Amino acid sequence: MRKPIIAGNWKLNNTITESRELSTQLVTGLKNTEDREIIIAPIYTALSAVAEVIKDSPVQLAAQNCYPETKGAFTGEISPEFLQDAGCQYVILGHSERRQLMGETDHFINQKLFKVLETRLKPILCIGETLQERENGQMLEVLSAQIKGGLANLTAAEMATVVIAYEPVWAIGTGKTASADQAEEAHAFIRRLLQDLFNPQVADQTRILYGGSVKPNNVDELMTQADIDGALVGGASLNAEDFIRIVQFEPLS
Ligand code: PGA
């Protein structure tokens, strides 16, 4: 059984004080969540403060990015080692905003992934097609290239801690969620690809999250799909009440 993950990507939001407040609200409001993992990803400067608030709680800490070196002359960058030092358990890699705004390539994301796997941090690899790619009928090709590029040269054993997030770019921050069927189609495709690239066990065990306008009113239907193992939540993760409701999803019967 794959343990579901609900992860909040706070993006470039919340001061240290606001981050402390929001994480305190989550720690206080979240009850009986043993059967699911909960992750929040604040900005770098708030990581240590949030780590302090969530210690001894079920909430885990993620960073939103990292650089594929341990230390040295890399001005402005942060390594997986130092994120671990700040209290992180997870790190998001290859978010579409980084691909689009910072020009991150599959190759660069793959280098980060290898570096992350040298630490105890667990990577959340984001992939997803743009609206134009979907309309041009290139969705599966794009997802396949991003999976093959991002996971290049990984062994099946190294896949044990890797989480994948399918986030159609056209659904991020737009209020347009992929329908549960559209999301399930992509997730099932990704799982088949993992089977081809690695083996049936990797395909069966890898958690694939959906991201893109996940809200309290659509999470239950999304989580009802066979191949959707959780959610990566942007906007709705900035509101404690909404995020708590998303964490408390119940698949429809
Ligand atoms: P959204 O963002 O929930 O605001 O669409 C999701 C994400 O970018 O991870």
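A charge is said to sit over a ring if NZ of Lys or CZ of Arg is within 6 Å of the ring centre and within 35 degrees of the ring normal. In this predicted model, Arg36 offers an example: Arg36 lies over the face of Phe249, at 4.1 Å from the ring centre.

The ligand is a good next stop. It is surrounded by 13 residues, and Lys11, His95, Glu167, Gly173 and Ser213 are the closest of them. Sorted by class, this shell holds seven polar residues, four nonpolar residues and two charged residues. Several polar contacts can be picked out here. The side chain of Glu167 places a polar atom 2.6 Å from an oxygen atom of the ligand, while an N or O atom in the side chain of His95 is 2.7 Å from a ligand oxygen. With Gly235 the backbone takes part instead: one of its N or O atoms lies 2.8 Å from an oxygen atom of the ligand. Taken alone, the ligand would expose 280 Å², and the protein buries 97% of that area.

Attention now turns to the aromatic side chains. A pair of aromatic rings is described by the distance of the centres and the angle of the planes. The model has three aromatic pairs. In one of them, Tyr67 and Phe108 meet edge-to-face, with 6.1 Å from centre to centre and 65° between the planes. This pair joins distant parts of the chain, 41 residues apart: Tyr67 belongs to the loop between strand E3 (59–63) and helix H3 (80–85), and Phe108 to helix H5 (residues 106–116). Phe108 counts as partly exposed because its relative accessibility is 25%, a value between the 20% and 50% limits.

A further pair is formed by Tyr166 and Tyr210. Their ring centres are 6.3 Å apart and their planes stand at 55°, so this pair is tilted. Here, too, distant parts of the chain are linked, with Tyr166 in strand E6 (residues 163–166) and Tyr210 in strand E7 (residues 208–211), 44 residues apart. Tyr166 and Tyr210 are both buried. Elsewhere, ring pairs bring Tyr67, Phe74 and Phe108 together as a cluster.

One last stop is helix H1 (residues 16–29), the home of Gln25. With a relative accessible area of 45%, Gln25 is partly exposed. Gln25 and Asn239 are 214 residues apart in sequence, yet their C-alpha atoms are 9.5 Å apart in space.

Definitions and conventions. Residues numbered from 1 in each chain as written. Predicted model: local features only at pLDDT ≥ 70, side-chain atom pairs only at ≥ 80, totals over all residues. Heavy atoms only, no water. Near = heavy atom within 4 Å. Polar contact = N/O pair within 3.5 Å; in protein donor to acceptor, adjacent residues only side chain to side chain. Areas by Shrake-Rupley, 256 points an atom, 1.4 Å probe, with all protein chains shown as cover. Nonpolar A, V, L, I, M, F, W, Y, C, P; charged D, E, K, R; others polar. Phe/Tyr/Trp six-rings, centres within 6.5 Å; stacked < 30°, edge-to-face > 60°. Helix = DSSP H or I, 4+ residues; strand = E, 2+ residues; numbered from the N terminus. Buried < 20%, exposed > 50% of the residue type's maximum accessible area, 1.4 Å probe, protein only.
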